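Welcome, and pull up a chair. Here are some exercises to work through with the model open beside you.

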Amino acid sequence: MNVPQTPPIRVLLVDDDPLVRAGLSFMLGGLPDLEIVGEAADGSEVAALVDRHSPDVVLMDIRMPSVDGLAATEALRRRESPPEVIVLTTFHADEQVLRALRAGAAGFVLKDTPPAEIVEAVRRVAAGVPVLSPTVTRQLIERVTDRGPDRGAEARERLARLNDRERQVAIAVGRGRSNAEIAAALFMSVATVKAHVSRILTKLDLNNRVQIALLAHDAGRLDAES
């Protein structure tokens with residue numbers, strides 16, 4: 001009996017540096033479970049290429065001359081069935097990276113990240129797993145802070161939609177705790193924690209745990225008692 005093969009992960013490369021694109025294409029293109037379906041030199045080209053090739057994952061440079069990666073990411077994530085986005089950057093702490101994460105990017109990788117880690121990031125994101133841990137998210141938002149009164153009020157209103165247990169889980173996610181750590185601290189099973197996280201994402205129309213952490217930060221709840 002023939003076992004149906006899983007189709008390869010379709011990847012779109014977006015970077016204004018042709019050498020970076022060539023390096024990524026060489027790195028990813030030779031793997032049996034990945035397929036480079038297109039390349040773009042600017043964010044203005046992304047929408048048409050996504051329409052044409054339906055990528056699963058977009059590797060997106062932040063800084064480009066006409067339409068930057070932030071604007072392109074925001075436009076993609078507004079689509080009904082958007083591809084996942086991994087931001088490419090040269091900086092650990094960058095205001096634009098933080099804004100891309102708020103827009104729904106599944107994480108970011110540095111351009112000098114070892115090739116094997118970039119490959120693993122693409123595979124993880126295609127499987128629905130963010131490549132940026134809540135711990136790293138908190139380190140980023142502590143270094144690049146843009147929480148204003150309006151953002152804080154909106155975040156508190158959104159958290160208020162959750163029940164008490166869901167809020168406790170959301171705050172724990174924001175503090176960088178794993179599912180196992182949350183389960184131990186709140187005296188519940190890991191499966192129950194996962195169920196709470198899924199409900200939080202659905203109730204608040206969020207994409208991933210990274211956005212839960214950002215919301216808890218914006219609401220000022222990471223330093224408050226849970």
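A helix here is a DSSP run of H or I with at least four residues, a strand is a run of E with at least two, and both are numbered from the N terminus. This is a predicted model: local features need pLDDT of at least 70, side-chain atom pairs count only at pLDDT 80 or more, and totals for chains, interfaces and linings use all residues. Residues are numbered from 1 along each chain as its sequence is written, and side-chain values use heavy atoms, with hydrogens and water left out.

**Exercise 1.** Describe the surroundings of Leu59.

Step 1. Find Leu59 in strand 3 (residues 57-61).

Step 2. Check its accessibility: Leu59 has 0% relative accessibility and counts as buried. Buried means under 20% relative accessible area, exposed means over 50%, and partly exposed lies in between (1.4 Å probe, protein chains only).

Step 3. List its contacts, meaning heavy atoms within 4.5 Å. Leaving aside residues up to four places away in sequence, Leu59 touches Val11, Leu12, Leu13, Val14, Leu24, Leu28, Ile86, Leu88 and Val122.

**Exercise 2.** Work out how strand 4 and strand 5 are arranged.

Step 1. Strands pair if DSSP finds at least two bridges between them. Strand 4 (residues 84-89) and strand 5 run parallel and are joined by four bridges.

Step 2. Look across from Val87, and you meet Phe108 in strand 5.

Step 3. Sort the side chains of strand 5 (residues 107-110): Gly107 and Val109 point one way, Phe108 and Leu110 point the other way, and all are buried.

**Exercise 3.** Which parts does the salt bridge between Arg21 and Glu39 tie together?

Step 1. Recall that side chains of opposite charge can pair when their charged atoms come close. The cut-off for a salt bridge is a side-chain nitrogen of Lys or Arg within 4 Å of a carboxyl oxygen of Asp or Glu.

Step 2. The Arg21 and Glu39 side chains meet at 3.3 Å, N to O. Arg21 lies in helix 1 (residues 18-29) and Glu39 in strand 2 (residues 34-40), so the pair links parts that are 18 residues apart in sequence.

Step 3. Compare the accessibilities: Arg21 is buried at 15%, while Glu39 is partly exposed at 36%.

**Exercise 4.** Place the salt bridge between Arg167 and Asp164.

Step 1. The N to O distance is 2.4 Å.

Step 2. Both residues sit in helix 8 (residues 164-174), three residues apart, which means a separation of about one helical turn.

Step 3. Asp164 counts as exposed, at 55% relative accessibility.
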